[in-house]
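Reader: Could you walk me through this structure with a few questions and answers? I am in my first year, so please explain the terms as we go.

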Amino acid sequence: MGKEGVNSIAKIDNLEKKDIKSYDLVELKALMGEIGQPAFRAGQVFRWLHKECVQSFEEMTNLPLNLRQQLNDNFVIIGAAIEKKLISEYDNTVKYLFRLFDGQCIESVLMQYKHGYSLCVSTQAGCKMGCSFCASTKNGCARNLTASEILSEVYTAEKDTGVRVSNIVLMGIGEPLDNYDNVIKFIRLISHPEGKNISVRNITLSTCGIVPGIYKLIEENLPITLSVSLHAPNDEKRSEIMPVNKKWGVKEVVRAAKDYYEKTGRRVSFEYALVKGVNDSKSDADELSSLLKGLNCHINLIPVNEIEKSGHKAPDKEHVRRFTEYLSEKGLNVTVRRTLGADINASCGQLRASAIKEVE
Ligand code: SAH
């Protein structure tokens, strides 16, 4: 497993430099103290990095030259290079394939909604969760992303398109709760008033159901929205498509979601990818409604996006409509996820997989 937290070392030009964009303001202040600089310099550096999103220390024009030099000698500003960019002809959804400093590729998707722009970000280069329908996990997980790399997805997309991202969904490649510390740091940095200042309430974290991570998240006191990838109403079916279920079963995951709601007051979402003949029958809907009965939640149904070799097919539109209606009649709050960027395979994992294939 690769680089984590503020101590991550980026090997650039064979120099070992520290990743400065992963430092929060408190850590930057301590750093300035260590190198004999006044504390206010930390705020200046922070704003250059997280508000102006500069990519070099030379651009920090209100810093004395010797400080810029000192920073340049010891630190690196990690970025994400645009390797590929696809724009949907249907709805202007933009999908990026970013290349990181060590050659790893990740994906982000920029979507336009009535309420503004939302960016779906990756949290790991690959994923080790092994869900059978998901393209992101097919080549395993190369490494965790640092907080600065997740930030770079946002900063680069904003710079490239000129739009302001107001919502973040941690639903790209990777399992956010499997890269817990870097993800929490990312959330704190992206919502910092001296940086992009994106409201924590506009951030959604999606998990395949790592129960201890959900309980840890409750303690963070961050009013983010939790989304749980449920995809099946019982252990037998869920374990078949989501190996993580063998560790934390359906009841435990739903219990954790309930506790999340009770402790934070934030309504939880459940993702349910409809797979033909696997989890889309009337009895699945019945089981699902009794499982979630009484829980203040929202269910997002997603006709499964058919990926190469998974063998999973989506039910037809009429079947999806009936399944939705049936759940609604049972009193559940349910919608079918609007498909954005259908012509560019906007759901994540597929560009990274083809980039890996090209290299091989
Ligand atoms: N690891 C996290 C977040 C990444 S995936 C999680 O599991 O929640 C974001 C969402 O897309 C998850 O709900 C995931 O199960 C779903 N997903 C992955 N592949 C899909 C596919 N082929 N079709 C529909 N949904 C898919």
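Reader: Which residues of helix 9 are buried, and which side of the helix are they on?

Author: In this predicted model, side-chain atom pairs count only at pLDDT 80 or more, local features need pLDDT of at least 70, and totals for chains, interfaces and linings use all residues. Residues are numbered from 1 along each chain as its sequence is written, and side-chain values use heavy atoms, without hydrogens and water. Helix 9 spans residues 282-292; helices are DSSP runs of H or I with at least four residues, strands are E runs of at least two, and both are numbered from the N terminus. Buried (under 20% relative accessible area, with a 1.4 Å probe and protein chains only) applies here to D284, A285, L288, S289, L291 and L292. Because these residues cover an arc of only 160° around the axis (taken from the directions from the helix axis to the C-beta atoms), they are on the same side of helix 9.

Reader: What covers the buried residues of helix 9?

Author: The cover includes helix 7 (235-241), helix 8 (250-264) and helix 10 (317-329). Two strands belong to it as well: strand 13 (268-274) and strand 14 (297-303).

Reader: Is N279 buried or exposed, and which backbone oxygen does its side chain reach?

Author: N279 sits in the loop between strand 13 and helix 9. Its relative accessible area is 0%, so N279 is buried. Beyond residues up to four places away in sequence, N279 touches H231, Y272, A273, L274, D284 and F323, where contact means heavy atoms within 4.5 Å. At 2.6 Å, the N279 side chain reaches the backbone oxygen of H231.

Reader: Now to helix 4: with which side chains does S148 make polar contacts?

Author: S148 is in helix 4 (residues 147-161), and it counts as buried because its relative accessibility is 0%. A polar contact is a pair of N or O atoms within 3.5 Å; within protein, one must be able to donate a hydrogen and the other to accept it, and residues adjacent in sequence count only if both atoms are side-chain atoms. The S148 side chain has one such contact of 3.0 Å with the side chain of T146, and another of 2.8 Å with that of D19.

Reader: How far is a nitrogen atom of the ligand from a polar backbone atom of N305?

Author: The ligand is surrounded by 15 residues (each with a heavy atom within 4 Å of it), and N305 is among the closest. A nitrogen atom of the ligand and a polar backbone atom of N305 are separated by 2.8 Å.

How values were computed. Buried means under 20% relative accessible area, exposed over 50%, partly exposed in between (1.4 Å probe, protein chains only).
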